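Me: Please take a close look at the second largest pocket of this model, and then set it beside the other enclosed spaces, the ligand site included. I would like one connected account rather than a list.

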Amino acid sequence: MEKHAHDIVIVGAGLAGLRAAVAAAELSSKLDIAVISKLHPLRSHSVCAQGGTAAVMREKDSFDLHAFDTVKGADYLADQDVVEFFVRQAPREIILMEHWGCPWSRTPDGKIDQRPFGGHTYPRACFAADMTGFHEMHTLYGKATTYSNVKFYDEWFATSLIVENNIVVGLTAIELKTGEMHTFKAKAVVMATGGHERIYEFTTFSHTTTGDGMAMAYRVGAPLEDMEFVQFHPTGLVPSGVLITEGARGEGGYLYNALGERFMKRYAPEKMELAPRDVVSRAEQTEILEGRAFMGPYGPYIALDLRHLGEEKINERLPLIRDVAIKLGGVDPVKEPIPIRPAAHYSMGGIKANIRTETPIRGLYAAGECSCLSLHGANRLGTNSTAECLVFGAVAGEEAAKYAMSAGFHEFPEEKALAEEKRVFDGILGSEGGERVPQLRDEMRRLMNTKVWIFRTGEELKSALKEVRTLKERFKNIKVEDRGKTFNTGFTAALQLDFMLDLAEVTIISALARTESRGAHSRLDYPNRDDERWLVHTLAYYTVDGPRLEYVPVTITKWQPTIRKY
Ligand SMILES: Cc1cc2nc3c(=O)[nH]c(=O)nc-3n(C[C@H](O)[C@H](O)[C@H](O)COP(=O)(O)OP(=O)(O)OC[C@H]3O[C@@H](n4cnc5c(N)ncnc54)[C@H](O)[C@@H]3O)c2cc1C
């Protein structure tokens, strides 16, 4: 195995990873920084972010208002110290992005424009038309490539973290071009590997969003926090699940059922279509279950109507949405409503990290969607995620840099890398069974889509757990047809499924244990929020027999939990 060494290794080159790289490089030109990504950075899912990035930019808005909206949106499960820090840092990030060249959309008098978004009481989503993530990513990638001490390893697949005595000492990664495993020694490692939405069948996320980093950290002893909280976005385009941004409703779009009713009046009479995502998704799912949805060749759907906005506004503010609806949905939103239904969209849970992005493993940091700080609690507000990636990507870069400047390299246990090589090449690529990876993957996704969806019950979750464990057993008996070395996508699909099966199991077990309904976690058998018992974060630890759960309290600074109504 070829060996590399860098002071800091960042795994992931989405918004969080790139922001971390820039922050670390700014802190010291002497640090040797590597960014490893299984994709070219500009293919990271962050490029798909559409609607905007939240920040307080106007005098009429306030930090307290943004913080309260976030805490209420989170159904009071967010750690409020993290929220307060976040809202104060977000405007700085918007201005930095501006200086680095991000083409924000503007008001007629030249200010950075802001649009309304679900659950925010003030229009605070800064945006670049409906391609915000695309422009942010190009800005940050351009910036990151100007530093001579940042080295990119594009199309390298990290397979494991190497940890000794609870200190991270490096990792293993496969160069996809050659199929060879290499070792990376590091003083600090930042995980910025994104979410795990592809454990679901109907999702807005890229096929590559398979939660690898969460699973890698979990396997070496870092706890996964609040994994039962998966966000469902109200407007996944039928039939693909591709996202129609909440910005479409922010600009004034309506939701209709088959009776022609704007049904949100029954569920959130004040906020209507701009209630938070958990509320709107539950409303849609109820309309579907009670038979008031439209029926089409791809099952039931709800109508998202933008026609009253007019062609000019749609072209100016939502050009990507129009294009996507025409090409992938077969409808022109200027003339017809768009068929949508809820889709898995965000992972509130992730690698447990504190306000400085430190995980319980020394030298290991986590930022962006793979982490859980916990900023979003039980339900994230739209536009808070890209903002989180910028704010806490920067924190992770700075903290990792400070730590790396004061720490030395630790000894890298070669035997652990050899064991990993054996697990991956003999155990997975060399496995001689009869099970096919796409088949197991489809079964897992369908299972998550039916039994671990918007409304959950103990019975279904128990049955889902049993099934996912059977899938894990069957995985031991797979066969990857292609035994080639170069860009073997069948092989990476198997590695990703192995990670996803662990994450599906943790998601189900955490959901089964939480006998209440809060935010995105809605139990039909426990319909109420139960602050007495459940105002706590779930921590899931890896054991050979499956996840072991522990609970820790929520940090409350200013806002005591009250009834959440919109
Ligand atoms: C369609 C869509 C629209 C969205 N719109 C918005 C929005 O308007 N506003 C908002 O705030 N949020 C939005 N979100 C959510 C937001 O975009 C994401 O949460 C955020 O971009 C995640 O960024 P990240 O840096 O954490 O990870 P990602 O951008 O997902 O990047 C993950 C990185 O990790 C790398 N990686 C993963 N596994 C490995 C491995 N094994 N080895 C090496 N590298 C690995 C990948 O190559 C990639 O570079 C949207 C999401 C979607 C899907």
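Reply: In this predicted model, the second largest pocket holds about 830 Å³ of space. Its lining is made up of 29 residues, and those closest to the centre of the pocket are Arg219, Arg423, Asp498, Asp502 and Tyr542. Sorted by class, the lining has 12 nonpolar and 12 charged residues, together with five polar ones. Several elements contribute at least two residues each, namely strand E7 (156-164) and the helices H5 (212-219), H12 (414-429), H14 (458-475) and H15 (489-513). Of these, H12 gives the most to the lining, with six residues.

Turning to the ligand, one finds 39 residues around it, the closest being Ser44, His45, Ser46, Glu369 and Thr386. Backbone atoms take part in the polar contacts here: a polar backbone atom of Lys38 lies 2.9 Å from a nitrogen atom of the ligand, and a backbone N or O atom of Gln50 is 3.1 Å from a nitrogen atom of the ligand. For Gly51, a polar backbone atom is placed 2.7 Å from an oxygen atom of the ligand. On its own the ligand has 1000 Å² of accessible area, and the protein covers 98% of that area. Two or more residues of the surrounding shell come from each of helix H1 (15-27), strand E2 (33-37), E7, H5, strand E15 (338-347) and helix H11 (384-406), with H11 supplying the largest share, four residues. E7 and H5 therefore appear in both settings, since each gives at least two residues to the lining of the second largest pocket and two or more to the shell around the ligand. The classes in this shell are 17 nonpolar, 18 polar and four charged residues.

As for closed space, a search of the whole structure finds one cavity of 30 Å³ or more. The largest cavity contains about 40 Å³ of space, and its lining consists of Gln231, Phe232, Asp278, Ser281, Arg282, Ile454 and Ala520. Strand E11 (230-237) and helix H8 (277-289) are the elements that give two or more residues to this lining, and the largest share, three residues, comes from H8. By class, the lining of the largest cavity comprises three nonpolar, two polar and two charged residues.

Technical notes
Residues numbered from 1 in each chain as written. Predicted model: local features only at pLDDT ≥ 70, side-chain atom pairs only at ≥ 80, totals over all residues. Heavy atoms only, no water. 1 Å grid on protein atoms, 1.4 Å probe; cavity = no way out; pocket = protein on both sides within 12 Å on 5 of 7 lines; lining within 4 Å. Points joined across faces, edges and corners; volume = space filled by probe spheres on them. Nonpolar A, V, L, I, M, F, W, Y, C, P; charged D, E, K, R; others polar. Near = heavy atom within 4 Å. Polar contact = N/O pair within 3.5 Å; in protein donor to acceptor, adjacent residues only side chain to side chain. Areas by Shrake-Rupley, 256 points an atom, 1.4 Å probe, with all protein chains shown as cover.
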